[in-house]
Amino acid sequence: MKRESYAPHAVLTLPTFHRCELWRLVLGLVLATVIMFGLTRGIIALISGIVGPDRFPAVLSMITSGQDPWGLLAQLSLMGGMGVGAIVVAETLHGRTAGSLFGPARLFWPQFLRVAAVLVALNVVIALLPPWPLQMASEPGLPPGQWLALLPLTIGALLVQTASEEVLFRGYFQSTLAARVKWPAAWLTLPSLAFGLGHYAPDVWGSNAVPIALWAVAFGLAAADLTARSGSLGPAIAFHLVNNFVAIGVMSLQGDLSGLALTNLPYGPEDEAALAAILPVDLATLFVSWLAARLALRV
């Protein structure tokens with residue numbers, strides 16, 4: 001891996017170069033987590049006051065399960081607290097502006113649009129390919145008319161969720177660590193491991209919890225690489241957005257987080273064998289998507 005390939009990353013690391021002590025980073029990650037949970041709890045408490053104690057348990061269940069369209073929209077939007085937390089600690093502990101976490105607009109928007117366009121085209125091609133052995137008949141999700149009506153809200157909520165995660169893990173964690181530690185393997189890997197740890201949920205995934213967490217680590221490494229090569233969060237957010245739109249808005253597992261999908265797979269997380277069988281396909285798709293995003297950045 002040539003360091004020259006990551007020269008554009010300096011655009012994101014320079015704004016924090018003089019206030020990049022490791023203690024600031026550790027404190028910042030802790031405070032960002034506290035802010036995220038504090039904002040989430042505050043909004044949940046506000047919702048409780050609006051709907052009243054009788055309706056609140058049902059509304060809270062709707063949000064946490066994500067099986068209802070409006071509940072899932074709320075759940076995704078609440079992830080914005082993660083981005084707010086990262087922005088607050090970057091400004092207060094490191095003297096960085098919010099914009100410096102995303103990269104210059106002259107880089108961000110062209111890169112975001114190019115990568116998004118290429119990945120949308122790639123997923124359309126994949127959908128049109130002849131079926132492979134692991135592919136199974138899908139089941140209907142939202143009615144097409146309702147799905148189309150909610151599509152702008154779905155994309156908006158997913159953009160909040162994915163941008164917030166990228167701002168914390170790549171915009172803040174990765175760039176701050178890279179300003180302090182010059183070894184790419186460290187600032188590529190540590191935020192990606194933290195990202196994977198955040199996806200470790202044995203109560204949801206059962207025996208697939210570790211493979212799914214490792215998949216998330218691989219996803220984090222791909223997003224980290226795109227960020228370092230581009231000098232902005234544009235490619236990583238587009239990469240994340242298209243991936244999550246396909247998994248949440250187009251074809252989801254049955255059960256939790258299925259409320260916005262046009263179609264559903266014929267099984268949920270409880271079918272551990274079926275889920276394990278599809279993970280290699282997801283990993284291959286991730287790899288091809290990363291290569292396509294790399295190609296888009298060279299155009």
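Buried means under 20% relative accessible area, exposed means over 50%, and partly exposed lies in between (1.4 Å probe, protein chains only).

**Entry 1: ground rules.** I am working with a predicted model, where local features need pLDDT of at least 70, side-chain atom pairs count only at pLDDT 80 or more, and totals for chains, interfaces and linings use all residues. I number residues from 1 along each chain as its sequence is written, and side-chain values use heavy atoms, with hydrogens and water left out.

**Entry 2: Asp225 and its partners.** I looked up Asp225 first. Is Asp225 buried or exposed? Asp225 counts as buried because its relative accessibility is 6%. Next I checked its charge pairing. Asp225 forms a salt bridge with Arg229 (a side-chain nitrogen of Lys or Arg within 4 Å of a carboxyl oxygen of Asp or Glu). Their closest N and O atoms are 2.9 Å apart. Arg229 is partly exposed, at a relative accessible area of 24%. Salt bridges with shared partners join Asp225, Arg229 and Arg294 into one network. Both Asp225 and Arg229 sit in helix α11 (residues 209-230), four residues apart, about one turn of the helix. I noted how helices are assigned: helices (H or I, at least four residues) and strands (E, at least two) are DSSP runs, numbered from the N terminus. An α-helix has 3.6 residues a turn, so residues three or four places apart point the same way.

**Entry 3: more salt bridges.** How many salt bridges does the structure hold? I found four. One of them pairs Glu166 with Arg170, with the closest N and O atoms 2.8 Å apart. Glu166 and Arg170 are both in helix α8, again four residues apart, about one turn. Both Glu166 and Arg170 are buried. Glu21 pairs with Arg24, and here the closest N and O atoms are 2.7 Å apart. Glu21 is partly exposed, at 25% relative accessible area. Arg24 counts as buried, at 15% relative accessibility.

**Entry 4: helix α2.** Arg24 led me to helix α2, where it is one of the buried residues. The others are Leu25, Gly28, Ala32, Met36 and Ile44. What covers them? The cover includes α3 (56-65), α4 (69-78), α5 (80-94) and α8. Helix α2 spans residues 22-51, 30 residues in total. From first C-alpha to last, α2 reaches 44 Å, close to the 44 Å expected at 1.5 Å a residue. That expected span is 1.5 Å times one less than the number of residues. Just after α2, Gly52 takes a positive phi of about 90 degrees.

**Entry 5: the cores.** I then looked for nonpolar cores (sets of buried Ala, Val, Leu, Ile, Met, Phe, Trp, Tyr and Cys residues joined through side-chain atoms within 4.5 Å). The largest has 56 residues. Among those with the most contacts inside it are Leu76, Val115, Leu119 and Phe239. Helix α8 (residues 144-180) gives the most to this core, with 12 residues. A second, separate core has 11 residues, including Ile212, Leu275, Ile278 and Leu279.

**Entry 6: Val115 and Val242.** What does Val115 touch? Leaving out residues up to four places away in sequence, Val115 is in contact (heavy atoms within 4.5 Å) with Pro235, Ala238, Phe239, Ala293, Ala296 and Leu297. Val242 lies in helix α12 (residues 234-250). Val242 counts as buried, at 10% relative accessibility. With the same neighbours left out, Val242 touches Ala116, Leu119, Val120 and Asn123. The C-alpha atoms of Val242 and Val115 are 9.4 Å apart, though 127 residues separate them along the chain.
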